[in-house]
Amino acid sequence: MSKMSRRRFLKGTLNGGAITVGLPLLNVFLNENGSALASGAPIPLRFGTWSWGLGMSKEIFVPKKTGPNFDLPPEIASLAPVQKHINLYTNYNVFKDDAPNLCHHSGWVVLRSGIAPMTRANRPGETIDVSVARKIGNATRFRSLSATATGDVRDSFSYEGGNSVNSPEWSPLRFYERLFGEDFQDPNAQTFKPDPRVMVRKSALSAVQEDAKKLQKNLGMEDRARLDQYFTGLRDLERRFDLQLTKPDPREACIVGGAPSDLPSGLDADLVQKRHRMMTDLMLMALACDQTRVFNMFYASAFSATTKPGYDKPHHTATHEEAVDPAQKCQPNTSWYTRRAMEEWGYYVQALANFKEGDGSLLDNSFIYATTDQSFAKIHGIDGIPMFSAGTAGGRVKTGIHLDGNDSPACRLGLTAQRLMGLDLESWGTKSNNTSSEISEILV
Amino acid sequence: MFTPINSTLRALLPEPKLLKAAAFSLAALSLFAGCQPEVVEIENNASVARTRLLTGEQYANTIAQAFGEDISESILPPMPLMARTDGLLASGAAFAGVTSDQISQIQLSAASVASQVVDEEHRDFLLPCKPESETSVDPVCAGQFLAEAGELLYRRPLTESRLAELVDIADYAAQQTENFYDGLALALEAILLSPEVVFVVDQYEPDPYNPGSQRLDSYSLASRLSFFLWNAPPDPALLAAAKNGDLHSEEGLEKAVNRLLGSPRLEAGMRAFFDDMLAFDDFNSLAKDPLVYPMVTGATLADAREQTLRTIIDHLLTQDADYRDLFVTKKTFMSMPLAPVYGIPASDGWVPYEFPAESPRMGLLTHVSFLAANSHSVRSSPTLRGKALRELMLCQNVPEPPPDVDFLGLEEDENAKTARERLNVHNKNPSCAGCHLITDPMGLSLENFDGAGRFRETENGAILDIAGELDGVFYDDISGLATAMRNHPKLSSCLVNRLYAYGTGGPVSLRDDRDILKEFENRFVEAQYKLPALLKDLATSTAFSAIRTQEPENKEAELASTDNPTTPEQIDTIVQNTLASTESEQ
């Protein structure tokens with residue numbers, strides 16, 4: 001049987017039987033109370049991000065009071081319905097050290113990776129969602145999912161490395177098809193029959209990996225690293241195949257509706273809002289169906305070009321060209337854009353809070369990290385860059401609090417988030433952004 | 001018992017669909033006769049071995065070439081977006097990695113392609129044989145198909161051991177699924193997931209004619225040639241030329257290059273290049289505010305992109321005309337959605353069109369594509385237009401805006417009616433002027449066109465002053481700008497640099513490629529700025545196939561290639577001169 005000896009990819013025989021692969025039940029998958037879904041399955045913990053563009057108008061954004069029951073100045077007044085679910089972090093700092101202050105770039109890169117970039121093309125390290133997904137994203141069909149409300153596939157704050165970006169879903173219809181198309185396994189289906197093709201796929205992957213290793217000969221260091229990354233991805237794919245051979249736990253909140261209609265391209269604020277809400281709703285159903293546990297939502301890009309009907313300056317242009325109105329203590333049109341962003345942040349949080357799961361909501365079992373690219377965009381300021389969080393991460397986090405960072409590293413929130421997700425991190429960030437200090441005031 | 005496929009069996013395979021259209025044109029070949037470059041001894045006459053990720057379009061072309069356009073068009077190419085690197089997305093492919101998420105998308109596409117190849121609609125003409133039984137294994141038939149398909153997808157023949165392994169996968173899968181075709185599809189999926197398919201890895205070998213030097217092996221050279229000229233993998237004829245060693249002989253290489261250049265597929269290849277060079281990927285998400293520009297729809301913008309590409313292809317390939325004249329030509333093509341923006345009567349479909357002599361429109365800078373893509377959604381932007389003109393067409397870098405700018409002077413002036421008045425504040429402020437004087441003078445000359453590219457003589461009731469200057473050439477109107485652009489000394493060197501980077505798969509290096517690029521430019525000038533002659537010169541050059549093996553220092557050092565006019569000293573000179581002339585005018 002010489003052929004069998006070559007068949008090193010065969011790891012076993014299938015013979016039409018069910019294949020099950022046990023998955024480790026980590027503590028991190030359980031919420032604080034150890035509560036579970038009706039099926040008895042533990043409720044998973046999730047990590048999400050949300051991003052908006054061009055910061056804030058400090059005078060009418062930052063509450064006067066810190067702690068609980070903080071006041072809501074005009075620019076964030078729309079957050080009243082979700083105030084109890086969120087924390088607001090102001091007067092935290094991102095540090096550029098010896099790197100240049102790259103307009104609309106340095107701020108978000110530090111908040112997402114902990115490292116100040118040296119050039120605009122430079123995206124050092126990996127983003128926080130990728131680090132968290134390595135920890136909690138291995139038990140689902142997608143390690144993470146990203147979606148943007150801008151309709152532009154180039155808008156992403158998620159990358160494994162400078163040249164390896166996780167492209168976001170930009171079309172509601174396409175997103176729906178990816179999530180709930182042919183390969184979707186309904187967790188609530190009455191029957192489960194493993195697809196014999198999946199086992200073959202898994203076996204064939206070993207052959208692909210072994211044959212291709214010789215490719216690396218003669219390659220430079222960077223190219224070898226790119227192929228290594230590819231092999232890591234193939235191993236990850238193997239894990240996904242294992243999952244497809246296992247009957248998914250029922251998810252009572254998973255009820256997939258019909259496909260959405262698609263939207264035209266464009267950045268009119270009303271259109272962006274509509275797209276944001278459609279993408280959010282799809283993302284939440286993906287969570288409820290346990291298709292992913294790490295998710296990124298992108299409301300606006302760093303150079304946000306959202307437009308306001310009847311006003312001739314897109315958001316970014318307005319931040320620089322519009323005068324501050326002393327009476328209103330802001331640039332009125334620029335603030336209009338920020339208020340629209342905050343309305344959508346509120347929608348996002350409320351949607352998570354409204355989504356029932358077990359005895360609570362999706363939000364109860366999530367921690368959302370929301371960031372922007374500047375503090376005062378008019379002058380490209382990054383000091384005091386505002387951040388939000390939402391959700392209690394399964395009862396581990398107190399909410400409804402405004403925290404004053406007193407100029408401490410903003411990376412403290414990213415560190416706190418990663419530890420909440422089970423990452424064993426001594427510290428996070430480089431140079432002045434490095435911190436080993438959690439924001440303990442929010443921890444239960 | 002598995003038997004490797006032989007050449008007789010290979011001949012049984014149907015020709016891929018696209019090839020049938022790619023008839024070899026002797027007439028076209030004659031265009032390039034007499035363009036053979038002289039041999040010039042140049043130091044560093046070699047390029048870098050690259051590992052390039054297929055772009056989405058290259059992936060789609062790969063599937064189309066192997067299995068037909070209907071299957072290719074049924075899937076969204078699963079490749080990630082490249083980061084624009086030294087002016088080209090294609091150069092970003094030399095550095096792009098693939099995330100886990102992206103690999104799962106590549107697998108989904110592979111499964112979709114493979115299942116369609118073997119479905120009842122396609123199997124009879126995409127497979128070279130029929131199995132003895134549809135419900136069991138047939139290693140001979142599987143081997144025939146996998147050898148053929150594998151060669152097209154891997155862009156080189158499969159080794160015997162690789163083929164044997166794939167046949168084993170097909171057999172095992174057929175047993176498990178009790179279906180020969182399902183088994184074959186699963187083996188095809190494995191091919192499509194292979195990093196050797198997804199990445200184009202330049203493989204090289206010692207050059208027997210130049211001891212101590214390295215050259216691309218013939219299959220890698222075939223890939224480099226065909227992605228350069230067709231934006232697609234090698235077809236069977238080119239693979240055959242590689243197999244015979246033809247590509248390593250001067251005569252054989254010239255013959256192969258002539259065939260590629262003479263093929264109708266050259267048009268698709270050059271469209272891909274110019275779409276990349278002109279950053280037309282911006283059109284994928286471009287939109288105009290319907291309240292401000294109600295006549296501009298998605299169809300208008302799509303046609304604007306198409307109009308420019310048609311103009312370029314007609315001018316450079318069909319007419320074989322001077323590249324520089326693209327910037328002054330009155331000839332273009334018109335469609336119904338575009339006509340209202342240009343203010344001319346509509347016609348059905350695409351028709352050749354020539355702007356009247358008195359029209360201000362001439363050359364690419366006055367196309368709606370350039371004007372609309374480099375504007376805001378609600379208004380024009382002289383700065384964006386000037387920046388695009390310099391970066392995309394002259395390969396110059398416009399510096400980043402400084403981070404700590406005082407924008408107080410920029411605040412809206414209620415009395416400012418025109419962009420020139422609004423931007424004037426920049427020119428009085430040295431920290432702004434450094435960049436804005438590089439972009440705005442030529443951008444302001446295009447202010448007769450609004451943010452959608454429509455002609456206007458006034459803005460907010462004020463007559464527009466469109467006089468300007470481009471690198472020492474002063475002019476009063478749009479034709480003056482167009483002519484200055486046509487005659488700009490960097491215009492042709494920029495095209496040469498971009499094409500060389502595009503063809504060799506990564507950014508050029510100022511340190512290593514300077515001499516060879518200068519030589520290519522000289523020959524481009526001698527050839528009267530004709531694109532086909534330049535393409536042939538590049539593709540048949542020693543540098544194109546010879547490999548310098550030293551590792552690049554690092555990506556950023558390697559990228560120091562753009563001809564950047566904006567050293568601090570130069571900025572200072574520009575600022576001082578302009579401030580002086582502004583003061584003298586006042």
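Is C411(A) buried or exposed? I looked up its relative accessibility, found 1%, and so entered C411(A) as buried. My cut-offs are under 20% relative accessible area for buried, over 50% for exposed and partly exposed in between, with a 1.4 Å probe and protein chains only.

**Ground rules.** I am working on a predicted model, where local features need pLDDT of at least 70, side-chain atom pairs count only at pLDDT 80 or more, and totals for chains, interfaces and linings use all residues. Residues are numbered from 1 along each chain as its sequence is written, chains are lettered from A and ligands numbered from 1 in the order in which they are written, and side-chain values use heavy atoms, with hydrogens and water left out.

**Unpaired cysteine.** Why does C411(A) have no bond to C103(A)? The sulfur of C103(A) is the closest cysteine sulfur, but it is 20 Å from that of C411(A), too far for a bond. I also checked C330(A), which counts as buried because its relative accessibility is 2%.

**Disulfides.** I took a disulfide as a pair of cysteine sulfur atoms within 2.5 Å. Over all chains I count 3 disulfides by this rule.

I started with C254(A) and C289(A), whose sulfur atoms are 1.9 Å apart in a disulfide. The link of C254(A) and C289(A) is right-handed, with 90° about the S-S bond. C254(A) sits in the loop between helix 6 (221-244) and helix 7 (269-288) of chain A, and C289(A) in the loop between helix 7 and strand 7 (294-298), so the pair ties together parts 35 residues apart in sequence. Helices (H or I, at least four residues) and strands (E, at least two) are DSSP runs, numbered from the N terminus. I noted both C254(A) and C289(A) as buried.

Next came C129(B) and C141(B), joined by a disulfide at 2.1 Å, S to S. The torsion about their S-S bond is about 100°, so I logged the disulfide of C129(B) and C141(B) as right-handed. C129(B) lies in the loop between helix 8 (123-126) and helix 9 (139-154) of chain B and C141(B) in helix 9, so this pair ties together parts 12 residues apart in sequence. C129(B) counts as buried at 16% relative accessibility. C141(B) is buried at 2% relative accessible area.

Then I read off C395(B) and C494(B), a disulfide with sulfur atoms 2.0 Å apart. Its torsion about the S-S bond is about 80°, so the disulfide of C395(B) and C494(B) is right-handed. C395(B) is in the loop between helix 20 (382-393) and helix 21 (419-428) of chain B, and C494(B) is in helix 24 (residues 489-504), 99 residues apart. I have C395(B) and C494(B) down as buried. With the bonded cysteines of chain B numbered in sequence order, I get the pairing 1-2, 3-4.

**Helix packing.** At what angle do helix 20 and helix 22 of chain B pack? I found about 105°, with the axes of helix 20 and helix 22 (residues 430-444) 7 Å apart. The axes are lines fitted to C-alpha atoms over the stretch in contact, and angles run from 0 to 180 degrees between N-to-C directions. That makes the two helices of chain B roughly perpendicular, the class for 65 to 115 degrees.

**Backbone.** D86(B) has a positive phi of about 50° although it is not a glycine. I located D86(B) in the loop between helix 5 (69-73) and helix 6 (89-92) of chain B.

Technical notes. Angles under 35 degrees count as roughly parallel, over 145 as roughly antiparallel, 65 to 115 as roughly perpendicular and the rest as oblique.
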